[in-house]
Amino acid sequence: MKLLPRDKYSCTCCGVCCKWPGYVRMTDKEVGEIADFLGLSVAEFTKKYTHLTNDRRNLSLIENEQGHCIFLTEDNRCVINDVKPQQCRDFPFKWRFFGWRKQCKMKKNY
Ligand code: SF4
Ligand code: SF4
């Protein structure tokens, strides 16, 4: 997939990417960082906020009743923004879902 230059894009904080179905995968290092950020032990964080992906490769964040990421607030902020997983940081620069252009406001005609 073509990489999207960061200077061609600005996030409107619509929250759609955090509501999109699918895993939010984390590395072991990210699990530790998020647990620290929340003041939890890795065991506590893992039990309360994660589940194992079907391919058993990663832990993924759980979702709320609406199917949104558990850390998305009602006003579309990320509770763990300072330590959010690389997968979140990489959207839409390195990966995208179908229809992403309708959500993400692009600069210029990119
Ligand atoms: S869908 Fe795009 S504009 Fe909306 S929050 Fe995600 S990155 Fe930002
Ligand atoms: S961790 Fe934050 S940025 Fe990532 S999906 Fe959840 S709310 Fe969105």
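I count a residue as near a ligand if its C-beta atom, placed from the backbone, lies within 6 Å of that molecule. The model I am looking at is predicted.

**Entry: ligand 2.** With that cut-off I listed the surroundings of ligand 2 and found Cys 18, Val 24, Leu 61, Cys 69, Phe 71, Leu 72, Cys 78, Ile 80, Lys 84 and Cys 88. I then sorted this shell by class: nine residues are nonpolar, one is charged and no polar residue appears.

**Entry: ligand 1.** I repeated the search for ligand 1. Its shell holds Cys 11, Thr 12, Cys 13, Cys 14, Gly 15, Val 16 and Cys 17, together with Phe 91, Pro 92, Gln 103 and Cys 104. Here I noted eight nonpolar residues, three polar and no charged.

**Entry: the core.** Which residues make up the largest nonpolar core? I found eight in all: Cys 17, Cys 18, Val 24, Tyr 49, Leu 61, Cys 69, Phe 71 and Leu 72. I checked this set against the shells. Cys 18, Val 24, Leu 61, Cys 69, Phe 71 and Leu 72 are also listed around ligand 2, and Cys 17 is listed around ligand 1.

**Entry: Val 24.** I took Val 24 from the core and looked up its contacts. Leaving out residues up to four places away in sequence, Val 24 touches Ser 60, Leu 61, Cys 69, Pro 85, Gln 87 and Cys 88. Of these, Leu 61, Cys 69 and Cys 88 also belong to the surroundings of ligand 2.

**Entry: secondary structure.** I counted five helices and three strands in the chain. Read from the N terminus, the elements follow the order α-β-α-α-β-β-α-α.

**Entry: the sheet.** In what order do the three strands lie in the sheet? The sheet is open, its order is β1-β3-β2, and the pairing is antiparallel. The edge strands are β1 (25-26) and β2 (50-52), each of which pairs on one side only. I followed the pairing of β1 with β3 (residues 59-61), which is antiparallel and runs over two bridges. In one of these strands, β3, I found Ser 60 as the bridge partner of Arg 25. Ser 60 had already come up as a contact of Val 24.

**Entry: the whole chain.** I computed a radius of gyration of 15 Å, which agrees with the value near 13 Å for a compact globule of 110 residues. Along the principal axes, the C-alpha atoms fill a box of roughly 45 × 30 × 25 Å. I noted that 15% of the 110 residues count as buried. Taking contacts between residues at least 6 apart in sequence, I found that 62% join residues at least 24 apart.

Note on methods. Residues numbered from 1 in each chain as written. Chains lettered and ligands numbered in written order. Predicted model: local features only at pLDDT ≥ 70, side-chain atom pairs only at ≥ 80, totals over all residues. Nonpolar A, V, L, I, M, F, W, Y, C, P; charged D, E, K, R; others polar. Pairing = 2+ DSSP bridges. Helix = DSSP H or I, 4+ residues; strand = E, 2+ residues; numbered from the N terminus. Core = buried A, V, L, I, M, F, W, Y, C linked by C-beta atoms within 7 Å. Buried ≥ 20, exposed ≤ 12 C-beta atoms within 10 Å, placed from the backbone. Contact = placed C-beta atoms within 7 Å. Rg over C-alpha atoms; globule rule 2.2 N^0.38 Å.
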